[in-house]
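Welcome! Please take a moment with the sequence and the model, and then let us walk through them together.

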Amino acid sequence: MRAGTTKTTYIRGGLHTTNPQLLLSELDNNTSWLGYPGEVPIIDGGGTLVSPIVFEYYTQRVTIDNLTIRNCVTTAIDIHGGGGAPGAAFNVISNNEIYNITATITAGNAGGSAAIRGAFNAINNTIKNNYVHDVDCVGILFVSGTTSESLSGNEISYNKVVRTNRTGQ
């Protein structure tokens with residue numbers, strides 16, 4: 001997709017492993033990653049992969065829609081920036097099912113584990129109509145590390161989060 005004109009990738013039904021991660025950057029701006037209509041694509045982290053889908057800083061206008069993401073560690077979808085750089089912005093995470101996320105809680109990371117996590121200048125993103133269940137972490141979390149970081153304009157709506165093992169859902 002990066003080198004060509006393709007802007008939409010349909011992921012067919014079945015089991016897909018993402019090792020390494022699907023690492024999205026500004027080279028992926030204005031793209032969509034969609035589950036194929038009528039099929040159930042399953043992104044499986046194998047129980048060891050941390051964050052199968054990661055939005056790096058400057059990633060903008062990327063859509064993740066209609067996927068099942070399971071069996072990963074700490075976070076399923078991580079939307080972030082950091083180091084003073086502009087965060088990921090104007091992205092859409094919608095209509096996904098996320099489950100079986102395990103999180104090892106240690107000093108310093110107790111608040112950072114979530115099925116969907118936005119952090120460090122992640123602004124103007126839309127998180128909607130996702131079903132998060134049976135996770136050993138917070139369902140959806142947006143957090144900043146310092147007072148100079150912004151999380152403004154994020155819309156988190158119409159998500160269903162059940163059976164989590166942490167507070168702050």
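In what sense do β4 and strand β7 (residues 63–65) pair, and over how many bridges? The two strands pair in the parallel sense, and three bridges join them. Please keep in mind as you read on that this is a predicted model.

## The chain as a whole

Let us begin with the overall picture. The protein chain has 17 strands and zero helices. Of its 169 residues, 49% count as buried. The accessible surface of the protein chain comes to about 7900 Å², and carbon and sulfur atoms hold 52% of that area. Contacts reach across the sequence too: of those between residues at least 6 apart, 83% join residues at least 24 apart.

As for confidence, the mean pLDDT of the protein chain is 87, with 88% of its residues at 70 or more. Among the elements, the highest mean pLDDT, 98, belongs to β10, while strand β15 (residues 138–143) has the lowest, 89. A general caution is worth having at hand: where pLDDT is low, the predicted coordinates should not be read in detail.

## Around strand β4

Strand β4 covers residues 32–35. On one side, β4 pairs with strand β1 (residues 8–11) in the parallel sense, over four bridges. Here I11 stands opposite G35 of β4. In the pairing of β4 with β7, L34 stands opposite D65 of β7.

Which way do the residues of β4 point? S32 and L34 point one way, W33 and G35 point the other way, and all of them are buried.

## Strand β8 and its partners

Is strand β8 (residues 68–73) enclosed or open? Six of its six residues are buried, so β8 is largely enclosed by the rest of the structure.

Two pairings of β8 can be followed through one residue, R70. β5 pairs with β8 in the parallel sense over three bridges, and R70 in β8 is the bridge partner of D44. Strand β11 (residues 97–102) also runs parallel to β8, and five bridges join the two. In that pairing, R70 has Y99 in β11 as its bridge partner.

## Two residues to compare: L15 and S94

L15 lies in strand β2 (residues 14–17). With 55% relative accessibility, L15 counts as exposed because the cut-off for that class is over 50%. Beyond residues up to four places away in sequence, L15 touches I42, D44 and R70; D44 and R70 are the bridge partners met above. The C-alpha atoms of L15 and T68 are 9.5 Å apart, although the two residues are separated by 53 residues along the chain.

S94 belongs to strand β10 (residues 92–94). Is S94 buried or exposed? Its relative accessibility is 4%, so S94 counts as buried. Apart from neighbours within four places in sequence, S94 is in contact with I64, D65, N66, K128 and N130. D65 has already appeared in β7, opposite L34.

## Aromatic pairs and charges over rings

A pair of aromatic rings is described by the distance of the centres and the angle of the planes. How many aromatic pairs does the structure hold? There are two. One is formed by Y10 and Y36, which meet edge-to-face at 6.0 Å centre to centre, with 80° between the planes. This pair links distant parts of the chain: Y10 is in strand β1 and Y36 in the loop between β4 and β5 (41–44), 26 residues apart. Y10 is partly exposed at 46% relative accessibility, and Y36 is partly exposed with a relative accessible area of 32%.

The other pair is Y57 and Y58, again edge-to-face, at 6.4 Å centre to centre and with 80° between the planes. Y57 has a relative accessibility of 37% and counts as partly exposed. For Y58 the value is 37%, which also makes it partly exposed.

Finally, which residues lie over the faces of Y36 and F90? R12 lies over the face of Y36, at 3.9 Å from the ring centre. R61 lies over the face of F90, with 4.5 Å to the ring centre.

Key
Residues numbered from 1 in each chain as written. Predicted model: local features only at pLDDT ≥ 70, side-chain atom pairs only at ≥ 80, totals over all residues. Heavy atoms only, no water. Buried < 20%, exposed > 50% of the residue type's maximum accessible area, 1.4 Å probe, protein only. Contact = heavy atoms within 4.5 Å. Pairing = 2+ DSSP bridges. Phe/Tyr/Trp six-rings, centres within 6.5 Å; stacked < 30°, edge-to-face > 60°. Lys NZ or Arg CZ within 6 Å of the ring centre and 35° of its normal. pLDDT = per-residue confidence, 0-100. Areas by Shrake-Rupley, 256 points an atom, 1.4 Å probe, with all protein chains shown as cover.
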